[in-house]
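Trainee: Can we go through this one together? I'd like to know what backs up each label people put on a model.
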Amino acid sequence: MTEKTRCCVCNRQGRRECPALDGMICTSCCGAKRGSSIDCPPHCLYFPFGTEAYDAWLKIDSTWMPKVIRYILDHVDKTHFENILRRMDSDNVPSAESVEMSFPAAAHYFLGVERDADEKTIADIWEEEGWQGLNNDERVMIKYRRNTLPTIIEVQNVLGDHAMECIDLFDPDGSPFIMFDRSLAQNADRFTRFLMWITHYLHFSRPEGVGFVVPFSIFDEFYDEILMRVCGKSKNFRASDVKGYLAGHFGECCALLKTITRDNTKRMIRSIDMHHGVAVYEIKGSREDIKAIIEIKPEFNFDDRELEPDDPEGTEYYNWLRRGESKKIEASMHPSFSHEDESQGVGILGLLKLCPDQMIIEMFSKKKFEFAKEMVKKYFGSYVNFSRESVEDLSKQAAKRIKKMEREPSDKDEEKQAGTIPIEIEQQVMEQFYREHYTKFLDDSIPALNGMNPREAAKNPVMRPQLIELMKSHVHTLSTMCRQKGLKLDIDWVLEELGLHELL
Ligand SMILES: [Zn+2]
């Protein structure tokens, strides 16, 4: 054995090159000293706490957690352990799924948060005993995991198949860090926000257990409520206080998140006017009189669709557009809905069906239905007699469908079958759509920006944070859709146009 192949620590047969010691090292010296007495560089393939040994970290995790749980159970009362486990759970009746979150949460709570009568955590006591039962790698691991705490993170960018650049939304300086997690990276998009326990290692961070997504639509409400609980109305919070609160009330906070999300969905459904209104009129005189009016009014557009099986011969369909006098309805519509269906350049009010001796109108909101009935009186009043109408509340059905969907996740095969358009064509169509949509958006008055257009808001110091929040949600929605559909689209050009370099 030459000098060069010997382990430079113990002089036995060296097995691998050690970039820290600049020589060979044997596996046992490496395993016993890496990350503790050897100052390993992050790129070493044998250093589980570096950036290049993802699976080596997993292997340590798999022995570390059972040892930690055993140690905790030896040191705390069983009933107390069960109480904390329940406190970390958002459900009254813990399920297999919720235990995936509550178990690691409880482990880290006992390890580094809860203090005994002598102000000591379990980790403090274990450290005094010389980390009995833990090997070198597990000791290095516990050094970091005794400081694990919950927070809300926001994904800035997904970097490959297991890494993400993230920020901590309770961290005052908000400096980015790299998070490692395969399943999270595959399910996260730009600006996805998670409530979860995080461990910060020297060269990367890791989530503990699964995280809960905090949707954009309720983020402010949830975030403000947490701060209110921690520091009242002052909003001057210390990150450590917020995280301490989240740690001690984790299950409660998860339940709060669920409740706010559910209430918001219900509110949204209730606020949407989804009524299917149909009114039938008998034609008094000649159908030609009615056709003559339809022809001169700009809002009626002939639709050459196929007739329904029970349509009488000679039935004609017209799209009723928000044009001409029918544009007036937009004044009473919520601004964000006034462009809701402008793929043809103009919004739709509903449908007009002209049968040989009946005229039928069909609208998809109460407001549009009432408006259209007034317009019928005005345009066709002397040529038709009102016969009957029906109004059906679709939002109740939608709510039922959402409930059903929550119970039975959608059928993947069905989704696949629906997407029969070749991906290249879809890519092209979507690119075109977003290009046009956002070109218009840049100069559009936006309700969420107090009626300013995005260009104005970008230059306005008061409105700029709201614009950033709005654009984050746009980028997020788009990147989620792209991931699910396998498309490559971005709206970086919009961000550049607005000078939002924070988001690029
Ligand atoms: Zn050795």
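Mentor: Sure, let's take confidence, then overall shape, then domains and contacts.

Trainee: How do you know how far to trust the chain, and what is its mean pLDDT?

Mentor: Well, this is a predicted model, and pLDDT is the predictor's confidence on a scale from 0 to 100. The chain has a mean pLDDT of 89, with 92% of its residues at 70 or more. Confidence peaks in helix α6 (residues 136-145) at 98 and is lowest in helix α14 (residues 412-418), where the mean is 47.

Trainee: Which stretches have pLDDT below 50, and how many contacts do they have?

Mentor: Residues 335-344 do, with eleven contacts beyond near neighbours in sequence. Residues 412-419 stay under 50 too, and there the model has one contact beyond four places in sequence. Where pLDDT is low, don't read the predicted coordinates in detail.

Trainee: Why is the chain called more spread out than a compact globule?

Mentor: For 504 residues the globule rule gives 23 Å, but the radius of gyration is 31 Å, which is well over that, so the chain is more spread out than a compact globule. Along the principal axes, its C-alpha atoms fill a box of roughly 110 × 55 × 50 Å.

Trainee: Which domains are assigned, and how far apart are the centres of domain 1 and domain 3?

Mentor: The assignment gives domain 1 (1-46), domain 2 (48-271), domain 3 (275-329 + 338-396) and domain 4 (419-503). The C-alpha centres of domain 1 and domain 3 are 82 Å apart.

Trainee: What makes a residue count as buried, and what share does?

Mentor: A residue needs 20 or more other C-beta atoms within 10 Å of its own; 25% of the 504 residues count as buried.

Note on methods. Residues are numbered from 1 along each chain as its sequence is written. This is a predicted model: local features need pLDDT of at least 70, side-chain atom pairs count only at pLDDT 80 or more; totals for chains, interfaces and linings use all residues. Helices (H or I, at least four residues) and strands (E, at least two) are DSSP runs, numbered from the N terminus. Two residues are in contact if their C-beta atoms, placed from the backbone, lie within 7 Å. Domain bounds come from an automatic or database domain assignment. The radius of gyration is taken over C-alpha atoms; the globule rule is 2.2 Å times the number of residues to the power 0.38. A residue is buried if 20 or more other C-beta atoms lie within 10 Å of its own, exposed if 12 or fewer, and partly exposed in between; C-beta atoms are placed from the backbone.
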